[in-house]
Amino acid sequence: EIEAIAETAEAEAIAVVDEGAEAAVAAAVQGTQGRDNSSIDEEFSVGNAISNFVDQAGFNGFLKGDNWKCAVMLLISFLLLYLAIVKQFEPLLLMPIAFGMLLTNLPGAGMFHSEFFAGGHVHWGDFALGSAGLLDYLYLGVKLGIYPCLIFVGVGAMTDFGPLIANPKSFLLGAAAQLGIFATFIGAYALGFEPNECGSIGIIGGADGPTAIYVTKTLAPELLGAIAIAAYSYMALVPFIQPPIMKAFTSKKERQIVMGQLRNVSKTEEVLFPIIVALVVSLILPSATALVGMLMLGNLLKVSGVADRLSKTAQNELMNIVTILLGVSVGATASAKNFLQLDTLKIIVLGLCAFAVATFGGVIFGKIMCFITKGKINPLIGSAGVSAVPMAARVSQTVGQKENPANFLLMHAMG
């Protein structure tokens, strides 16, 4: 009896399963028959796949809204690459800047988001969402002031302060050349720029790229791309900008002045100089400690004679790596929205004026020192007061030697 009951229950279970399966199959068949086959064709059609690909491609992005400006920025980046590679205008930094500009203006790439740094602050919440691009992360080195300071370590390791130590009064020529900064500040203010923007534009007259970047990232980050490009472009054009001004404000007799040989600087002086400068400058102007401190650290590595490995690393590997990161990051800020404005043209013109006035200030003060010392100082070295080291010093040497082949002004100009 038990076996009979089990067989009956099993048969009933099988019947129930068969009925359910038949119902499911019927429902599936009915659903398939009632479905619109055109939607299936549309979903899996090759044409629709191609259409989606085109919509998502960067080429189509140029046709949306104001993205045509991105195409203009790409052309500008090509021009800068040409100047860097073919004409060799500051190629070590102008090339990374141009390539960063190229990357940031590719529609849909999402490499850089200026809104993450709006208002002069880093919006860490946007980074936490995971939507940041590669250049956003690299730009943190600029925004936090890391790259310029590291660049100064390398600059210090490559700089010889011996001429300045041997002839301390030559630093006055450097101070006089800063006339370009103040004149440009006034000019920028007259053209309607805000005071903080005027300061950033004026620093172009100092002819020092890392300093211009360091100041601008703090005062006017929205102008960083235009100011960096103007600064480094004009630094490359120093051999063309300075000579006409130097010749216009000096006589042939003054250009022929032969300066005496500088005294030898002792090892003790060379070692104490960076330490004392770092202390004095930092106590007088604490805000300059980061840049000046790193500059003097690099120089101390060089002159100490006991850290050759660190000195060579600062001059080569560190300098080269940071230059790439700095250039690409700065170029990333040159988006179409920020760069294609009338203000950019004003900055470029003001930058040229800054260099010209800085050169003028240094040369005129050189003439004054020439008069005071009764002809012992050649005014041409005043043009090297701008910080385009060592290019400006070479220009002083070249112009002076053309007037008098026996003239050797390079080391005096380096001071």
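Reader: Is the crossing of α9 and α19 left-handed or right-handed?

Author: Keep in mind that this is a predicted model. Here, the axes of helix α9 (residues 146-158) and helix α19 (residues 289-304) come within 6 Å and cross at roughly 35°. As for the hand of that crossing, it's right-handed.

Reader: How do the residues of the contact of α9 with α19 divide into nonpolar, polar and charged?

Author: On the α9 side you'll find residues including Phe152 and Val153, and α19 brings Leu291, Met294 and Lys302, among others. Sorted by type, the residues of this contact come out as 11 nonpolar, 3 polar and 1 charged.

Reader: Is α16 parallel or oblique to α22?

Author: Look at helix α16 (residues 238-248) and helix α22 (residues 342-372): their axes come within 10 Å and cross at roughly 45°. Angles under 35 degrees count as roughly parallel. The crossing angle therefore makes α16, relative to α22, oblique.

Reader: Which helix gives the most to the largest nonpolar core?

Author: The largest nonpolar core has 82 residues, and Ile204 is one of those with the most contacts inside it. Ile204 touches Ile227, Ala230 and Ala231, among others. With 11 residues, the helix that gives the most to this core is α15 (residues 224-236).

Reader: How many residues are in the second, separate core?

Author: Among its members are Phe152, Ile165, Phe273 and Ala278. You've met Phe152 already, as one of the α9 residues in the contact with α19. The count for this second core is 13 residues.

Methods:
Residues numbered from 1 in each chain as written. Predicted model: local features only at pLDDT ≥ 70, side-chain atom pairs only at ≥ 80, totals over all residues. Heavy atoms only, no water. Core = buried A, V, L, I, M, F, W, Y, C linked by side-chain atoms within 4.5 Å. Buried < 20%, exposed > 50% of the residue type's maximum accessible area, 1.4 Å probe, protein only. Helix = DSSP H or I, 4+ residues; strand = E, 2+ residues; numbered from the N terminus. Contact = heavy atoms within 4.5 Å. Axes fitted to C-alpha atoms, helices over the stretch in contact; angles between N-to-C directions. Left-handed = near helix turned anticlockwise from the far one by under 90°. Nonpolar A, V, L, I, M, F, W, Y, C, P; charged D, E, K, R; others polar. Parallel < 35°, antiparallel > 145°, perpendicular 65-115°, else oblique. Lists of a residue's contacts leave out its neighbours within four places in sequence.
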